[in-house]
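Work through three short exercises on the model shown here. Each solution goes step by step.

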Amino acid sequence: MVDILAFRQENAMPRFAALYIAIALPAACLAAENTIIWWEAEDFAESNWPGGKSGRGAFAPQNDDHRAKLSGGTWLNVAGKRDETLYAEYALTVGDDGEYDFYVRKFWHHGPFRYRWDDGEWVEVTGRLGLLDSTSLRKHVGANWVPLPSVTLEAGKHRLRVELLEKDGAACFDCFVLARGLFLPSGPRRPGEKLGLVDEGTWAFEPGVDPFDADRRKLDIGRLLGQDAIGPDDWITTRGQKFIGHDGKPLRFWGTTIGTHRLGLRQLRYQARRLATLGVNTVRIHQSFEPTGEDSELTDVNEELLAGLHRVVAAMRDSGIYVKLSPYYVLPAKLQRGWGIETWPTDKAGRPVKRWDKPFGLLFFDETLQRGYKAWLRHILTRPNSNTGVPLAKDPALFMLQIQNEDSLFFWTFLANIPEGQRRKLGGKFATWLKGRYGSLEKALAAWGGEQARLDEAKGPVALADDFEKDVAGLMIAWAMTRQYKRPAHQKRLADQVRFLAETQHAFNAEIARHVREELGYRGLIAPNNWRTADDVALLDVERWTYTAGDVIDRHHYYGVTHVNPRQPRRASYAVDKGDGFVNASALLSPRKLPVNFRQIAGFPNIISEFTWVQPNRFQADGPLVMAAYGALADIDGLYWFASGNIDYDPTMTKFQVNTPPIMGQFPATSLIYRAGLVDAAPPVVTERRPLEDLWQRKLPLIAEEAGYDPGRDAGEHDASVALSVDPLAYLVGRVEVAFEAADGRASSEISDVVENRINRRGRIVGGANGEVFLDYGRGLLTVDAPQAQGGAGFLGKVGRIELGNVSIACDNDYAAVIVVPLDGQPIAASRRLLVQVATEARPHGWKTAAATFKPKKGKQTVKGRAIRDFGGAPWNVVKAHGTVDIRNPHVTVATALDAHGYAKADAAARVDRINRGVRLHLPPNAMYVILQTAE
């Protein structure tokens, strides 16, 4: 029940309009009552802002569409230079004493500002902010909700003063919110407000706030799987290739990367509880913790982010969600002048030169940066959590530490992005390594045939030539390591370089694992890295061998489509804009590009910590079933979607997105399939045993992974393939694994006959070795047919009726996913409580595209696709489902359609008819879930 009271303050105070919203919530949802105070930025009591309350200015809304995306239809906005400091002052009345969360909706990082309550201390808000949602008004102009520090206020009258920190540039403020209790940002919508906007053939997806009413909830996967708060002794360990829970049983992790660590504990607890109901039992925090101040000390840490990490761990543990931490990422990391990195190029002010301010590869071999990194880990792991009192090193909820993210000495950045002084430092380490191996540099040179490295052989101006007189051995660029050379001297030399770099990475990983355990007392697991190489056929096993210094093998792989921004090509790697060109493409028609095609390393748990079906692509609903079914088939141990930027569903489209109806909306059935093993794991169908010398020589493996597409690094669609001994479709038959051996073990590699038997190239069909998962990649259809999981995804309308063991699906939608799973642990045929889950397509309201041709990137042929004519906005419009599902089960007779939070949906009807040996469910057009159960 939402009670909204609009009021104006008494005449004694300056005029001010606000909304007070009281939302009754059960105690399980963090607060017994929510109080929301909402006011417009343009409704100030006093200001010197140009344009005043009219909102006129360079960034004012230009049409009704813009006005609809702003709270109150306008905002304070300014651009260009000004002579005075702009301010706005507000007067408001607070009804109750207490701590209030504070939010502002503004223009991204533009307009750094400071504010203070009454006569209190000023709080500065810099340009780089954590964003809770994003709404685009027009090209390069958008509004974002931003969390600000909470404030404790007494009941009564208060004043808020906001001042810009700069006298140049853009700044826009839409509205402010004080929340005593939960507030879910969702564009210009007030709590409880629904827009109800629909395009033809769709329904409006506006789930609102989950009340966490256990008595009314009919769908809670976490509770179904016994997911409870993490206790002080609930450590995750490993046994062979499996994760082992505190109860001694193997378990799998279904999760997502979250970007909400800047939020308060209240919001994070809501997010944790929501994720748990969907079946999520792990989240990944991916955030660099190095200090960012220009004059910061190398051994400092980012205090704001550390406090956010503490809040995340505290919130997630209460809902039984384990945290994987990724604390260092080379791309956003930026060297500062006070860090003392030797030989690093600097400007006259002592700042690192921008060309070299990203420390690619440096963490593996530079002792100074390693000292700083260890200091950051000490802050992270040993300081008591301000919310629990327990240091993260001693908290089982922080169950995995990822040493670093997406950097490697075997990627294209090797040497090319390392300045000369550091190249020579690494060359010096190579010289020391060669002396240890051969006795002297001269003997090494003799072993190579007496030839020193020359720049023309290194194929690049940033390669390092030999300088034996100064104990520096030359290094070839990454390109050279991808090649096989006819001259034995060159081949031998490159084998030594590859081995040296591999042992350098391995030694770094081993040292960090030792350091955090022996010196910092960390009891969790270590995942060293997750990246690809310059050539995954030649070098991926080398890279993965370096991960064996830890406990877990990790990788990243996205399913992406051709997507270009014709005006700003780089922008398509992280954003979706009006005018962009793209190609809709189903992953089910391109099986070699599926993220589950994974060369797993024997003897270790193997996880995929980043993947998603990247926007814009209308064919996303197959993704969750693909990952659940093949993740279970191949016995992958952990799956992390990328990424959840909101604490609940996103209001509209972003590039990397999980919180959408076609993806997160399918978590209930798919997380259950994966975590509970409703699809059987197949035995290994390929076991390749590789001697380490083969890795150094870069000999071809039996089967390779496709070069993992990454939208942040690849322009357009990434497609690379190579013909090897084993059909790459073997990944869809069963587990493909690699074992590293010190001696030559190639003869003992094993390829099961089932690989050839299950792959029908002519019919374009591949079947899993378990007999339960089938992909018709000619027609774009994935089916699962197991006793406790049956369904299909893809172009269901085109293929007609799908007959499975106990389920028949007749879906008229061109593209959809329909899944049936039991909720009582019984086979579908005997269950008395079944979940039928359906997903179709979803787009923002008003989304419009048109046929177009464009070039994905320079040098490629023109392709046919679509161009975005109108991006649209909230709410999501979901294509209505049409069809029937027959279930051969004599027990279930009552159908209840559910909303997105798992409660009975008042405006959705689920009709069932009795048929021979079971029931026929008519899919409700406007619901994702239906519970079928026995009549009480």
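**Exercise 1.** Compare the span of helix H6 with the value expected at 1.5 Å a residue, and find what its buried residues pack against.

Solution. The model is predicted.
- Helix H6 covers residues 420–438, 19 residues in total.
- The expected span is 1.5 Å times one less than the number of residues, which gives 27 Å for H6.
- From first C-alpha to last, H6 reaches 26 Å, close to that value.
- Buried means under 20% relative accessible area. In H6 the buried residues include Leu-426, Phe-430, Trp-433 and Leu-434. Polar names appear too, among them Gln-422 and Arg-423.
- The buried residues pack against helix H7 (441–447) and helix H10 (488–519).
- After H6 comes Gly-439, with a positive phi near 105°.

**Exercise 2.** Which residues have the most contacts inside the largest nonpolar core?

Solution.
- This core has 216 residues, and Phe-414 and Trp-613 have the most contacts inside it.
- Helix H10 gives the most to the core: ten residues.
- Set aside neighbours within four places in sequence. Phe-414 then contacts, among others, Leu-426, Met-481, Gln-497 and Leu-501.
- Another core lies apart, with 31 residues, including Ile-37 and Phe-113.

**Exercise 3.** Find the edge strands of the open sheet E37-E38-E45-E48-E47.

Solution.
- The five strands pair antiparallel in that order.
- Strands E37 (802–803) and E47 (911–915) each have a single partner strand, so one side of each lacks a neighbour in the sheet.
- E47 is joined to E48 (residues 918–922) by five bridges. Ile-915 has Gly-918 of E48 as its bridge partner.

Note on methods
Residues are numbered from 1 along each chain as its sequence is written. This is a predicted model: local features need pLDDT of at least 70, side-chain atom pairs count only at pLDDT 80 or more; totals for chains, interfaces and linings use all residues. Side-chain values use heavy atoms; hydrogens and water are left out. Two strands pair if DSSP finds at least two bridges between them. Helices (H or I, at least four residues) and strands (E, at least two) are DSSP runs, numbered from the N terminus. Buried means under 20% relative accessible area, exposed over 50%, partly exposed in between (1.4 Å probe, protein chains only). Contact means heavy atoms within 4.5 Å. A nonpolar core is a set of buried Ala, Val, Leu, Ile, Met, Phe, Trp, Tyr and Cys residues joined through side-chain atoms within 4.5 Å.
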